[in-house]
There are 2 protein chains.
Amino acid sequence: MVKDERGVTAQSADFSAWYNELVVKAALVDRGPAKGTMIIRPYGYRLWELIQSDLDRRIKETGHENAYFPLLIPESYLSREAEHVEGFSPELAVVTHAGGKDLEERLVVRPTSETIIGEMMAKWIGSHRDLPLLLNQWANVVRWELRPRLFLRSTEFLWQEAHTAHIDEADARRETMLGLDIYERVAREVAAMPVVAGEKTPGERFAGAVATFTVEAMMRDGRALQSGTSHYLGTNFARAFDIRYTGDSGREELCHTTSWGMSTRMVGGIVMTHGDDKGLVLPPKVAPHQVVIVPITRGTDTGVVAAADELAGRLRAAGVRVHVDAREQLTPGFKYNEWEMRGVPIRLELGPRDLAAGTAVMVKRLGDEGKQPVPLDTLPEAMPGILDEFQQFLLDRATEFRDAHTVSVDNWTEFTDAVSTGWALALHCGAPACEDDIKAVTAATPRCIPLDGAAEQGNCVRCDAPSAYGKRVIFSRAY
Amino acid sequence: MVKDERGVTAQSADFSAWYNELVVKAALVDRGPAKGTMIIRPYGYRLWELIQSDLDRRIKETGHENAYFPLLIPESYLSREAEHVEGFSPELAVVTHAGGKDLEERLVVRPTSETIIGEMMAKWIGSHRDLPLLLNQWANVVRWELRPRLFLRSTEFLWQEAHTAHIDEADARRETMLGLDIYERVAREVAAMPVVAGEKTPGERFAGAVATFTVEAMMRDGRALQSGTSHYLGTNFARAFDIRYTGDSGREELCHTTSWGMSTRMVGGIVMTHGDDKGLVLPPKVAPHQVVIVPITRGTDTGVVAAADELAGRLRAAGVRVHVDAREQLTPGFKYNEWEMRGVPIRLELGPRDLAAGTAVMVKRLGDEGKQPVPLDTLPEAMPGILDEFQQFLLDRATEFRDAHTVSVDNWTEFTDAVSTGWALALHCGAPACEDDIKAVTAATPRCIPLDGAAEQGNCVRCDAPSAYGKRVIFSRAY
């Protein structure tokens, strides 16, 4: 394994090792004692908070209200929806003992909250005037994963889960697409991840859903990351939990419900969408520090640190998140490497000579423009634009990468080639057995049927049966 | 039980029934299926978010960083600190089964996070340069309560828990008082709760602490509510989890740690500090709706609703949280009662005649000033001041109530009188057996030794032995 001086395997040498080492080394996360659990360290948590505050604002602006439901759910609740319990049973953590006694009914630690929220919706909804009921919850959930990975598939993770009830299918489907649209925007506009929005094939649906929609992102190893999902649940949960309303005519009707969630998995997605051999590359909108100033002090000269603090104050006043790295025991070179590895978008080096010239040296994280002198007096004014440009550059680069690694394929050889480095756009018969066969041979699964795909008919890329869905499907290996 | 048309027992008739009914009726909260769990409904959650955002800002401004630690903690961790495990064992919920198998080591659902955070601090702290380590976590915790009460003592609750590590006792004690000071300010400035800051007697300390400090609030039935606590943990957890740093001299030293927490219990505190026979009275700073506008429409006249929306828009632009109650099927009178019961500080009634006169009718929640006509054009400008005044009025009223129900007592008769309606300030011997005796006879416990109490010596109000602590202690029945 090739590790550089930072002690992290190069991305180009071993993507998986690079990821596992980097997220820990960059102090985003650490491993917890119980299997698959993680500690989100301040640098990673701040990143999550920045995603969260943006997402929370969009959820509120579209009329949803936050609430909080219990962590512990009676085991019998899950059994009420047959597909739901089948899907989640293998992953449950169960409390059997509490307050010094064995419990009469076992409690599951929520893996998701459709059941308990369904139970309460049934209680709260009376007439059609109570609809739509638009709830959202920020919470931790626990799913016992066989092969846990930090952020991507952790035993416990943080997320928001919206749960809504509607008068009919049309309104519920409108809501499902609204949730998906919010995810598409947050991914693109905040995380600089050019996700593709689409519908899941039946085999990849959420347990208990009538239809599942997803935004899929491409990681720099060509694999897909499901980055947010939105489910139209039909009347499945309404029937199981008796979520009914009295219509204008006085008749009782079942509600149509939806749920949609986005999680701390996004942090892993950002790492794998933008990172490189040198470490993280953080989009400015989610970077805990958008700018780090490294004062270059010689001997006992303290004027430089004071000037760095003064510059930081002016940058902060301009709305920039800035950090001055004034640690005395470390060399500037060490700091440059560390902040590069931790993905800070802009580094400013400030030494006595720069100060005398009224400039700082600016280095962008990708380093492609080298070291540029920039005037200190106008820097706070210029910085928001510089950061926006960097954000846009990352989105453009990721979009180009995704497009360059997405191939429309018409035969099996092209298919296997495409999924070895990225995504294949292929016609598929829709048969579960054929999906399984493709997965067994190539490890690729259907990620989604893109919403904006062009209408097309033909034969299945694998089995030659007539294609389903009326358009091409994205197949890829996935996280 | 005397219930009025709102279906809530009057506070003056039965305080406990009033509380239990009101928090549900006002849609702050509902009961969850598992024993003692609660659902925090949007109205209650928004109130919590308003406390939370203020508290989070203060925590960040004082240099603390948010992080997130696992919910599930190996049971053995708790045993490492003897007093800690003894204190929390009876309240633990335990996961024994996960992923379809019995676990090799049982996992407790965190009742608090000193142990798991201690384990990670030991890993992260190397030298004195890593100190102080100032962490905070927003999380849910579970404590199996024998006698659960909504918000006050729920099986699961939400809180922040700060956990910090320091170079020596002086720095850790400074931090302990900083946490307490933040709580005192949030309670007073946001919740309008005039809390008393003090130290707990040894018998009331947090399990594993060297010293516990608290802010205690007085509810309108005279009982005390512990509203936030801050603990100096000495080197107890540092020793148990091996949290050490290398000092300048190269020698390894134990860290001194602290922890401090404030929870959703505050929502219950606000209800019981300000509420009255008619229902909730919410301080404007935590009110989800600071102003509710009730349009009074006659027949098909829709101009009034449009005018209400327009006014709401201008109030919003002035930074006011405002809600227009345009529900068609309900009478104005019903709405007045409902928003009174739900504690909205300011109600504006807007009818065609008001509109013609360019005014609205303003009614403050306490109703003591009657109905006042107010000019529509200057209302947005005036409203922030009106809300500030209402906030200050509630704080003053609560302070007067507290002072009127706090009695400095010098004999046992005075003591029992005082704790039947409020707080007794008494000298006490400090003996645990004497504390137990007082509790058995009066149900009162020592709430705290106020920090600002005057120095005083004398004999114990109960047993006549020489007093401890050098000042008077607050005794009260408590939640």
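**Cis prolines and crossing helices**

Me: Pro132(A) is found in the loop between α5 (114-124) and β7 (133-142) of chain A. How do you know that the peptide bond from Leu131(A) to Pro132(A) is cis?

Reply: Bear in mind that this is a predicted model. In it, the Leu131(A) to Pro132(A) bond has omega near -5 degrees, and it is cis. In chain B, the bond from Leu131(B) to Pro132(B) is cis too, with omega near -5 degrees, and Pro132(B) is found in the loop between α5 (114-124) and β7 (133-142) of chain B.

Me: What makes Tyr469(A) worth a look as far as phi goes?

Reply: Its phi is positive, about 70 degrees, although Tyr469(A) is not a glycine. You'll find Tyr469(A) in the loop between β22 (445-450) and β23 (473-476) of chain A.

Me: Now helices. Why is α1(A) called oblique to α8(A)?

Reply: Helix α1 (residues 15-25) and helix α8 (residues 265-274) of chain A pack at about 125 degrees, their axes 11 Å apart. Roughly perpendicular covers 65 to 115 degrees and roughly antiparallel needs over 145, so α1(A) counts as oblique to α8(A). The crossing itself is right-handed. On the α1(A) side the contact uses Phe15(A), Trp18(A), Tyr19(A), Leu22(A) and Val23(A), and on the α8(A) side Gly268(A), Val271(A) and Met272(A).

Me: How many of the residues where α1(A) meets α8(A) are nonpolar, polar or charged?

Reply: Seven are nonpolar, one is polar and none is charged. Glycine goes with the polar residues, so Gly268(A) is the polar one in this contact.

Me: And chain B: why is α1(B) called oblique to α8(B)?

Reply: The axes of α1 (residues 15-25) and α8 (residues 265-274) of chain B come within 11 Å and cross at roughly 125 degrees. That value falls in none of the parallel, antiparallel or perpendicular ranges, so α1(B) is oblique to α8(B). This crossing is right-handed. Phe15(B), Trp18(B), Tyr19(B), Leu22(B) and Val23(B) in α1(B) meet Gly268(B), Val271(B) and Met272(B) in α8(B). Sorted by class, that contact holds seven nonpolar, one polar and no charged residues.

Me: Why are α2(B) and α8(B) called roughly perpendicular?

Reply: Helix α2 (residues 42-61) of chain B packs on α8(B) at an angle of about 105 degrees, with the axes 10 Å apart. The roughly perpendicular range is 65 to 115 degrees, and the two helices therefore get that label. The contact is made by Leu47(B), Trp48(B) and Ile51(B) of α2(B) and by Met266(B), Val267(B) and Ile270(B) of α8(B). It has six nonpolar residues, with no polar and no charged ones.

Me: How do you know that Glu91(B) touches residues from elsewhere in the sequence?

Reply: Contact means heavy atoms within 4.5 Å. Leaving out residues up to four places away in sequence, Glu91(B) touches Val142(B), Arg143(B) and Trp144(B). Glu91(B) and Thr155(B) lie 64 residues apart in sequence, with 9.0 Å between their C-alpha atoms. Glu91(B) is in the loop between α4 (82-88) and β5 (93-98) of chain B.

Me: Last one: which domains does the assignment give chain A?

Reply: Domain 1 (15-72 + 119-274), domain 2 (291-382) and domain 3 (406-476). The centres of domain 2 and domain 3 of chain A are 49 Å apart, taken over C-alpha atoms.

Notes:
Residues are numbered from 1 along each chain as its sequence is written. Chains are lettered from A and ligands numbered from 1 in the order in which they are written. This is a predicted model: local features need pLDDT of at least 70, side-chain atom pairs count only at pLDDT 80 or more; totals for chains, interfaces and linings use all residues. Side-chain values use heavy atoms; hydrogens and water are left out. Axes are lines fitted to C-alpha atoms, for helices over the stretch in contact, and angles run from 0 to 180 degrees between N-to-C directions. Helices (H or I, at least four residues) and strands (E, at least two) are DSSP runs, numbered from the N terminus. Angles under 35 degrees count as roughly parallel, over 145 as roughly antiparallel, 65 to 115 as roughly perpendicular and the rest as oblique. A crossing is left-handed if the near helix is turned anticlockwise from the far one by less than a right angle, and right-handed if clockwise. Domain bounds come from an automatic or database domain assignment.
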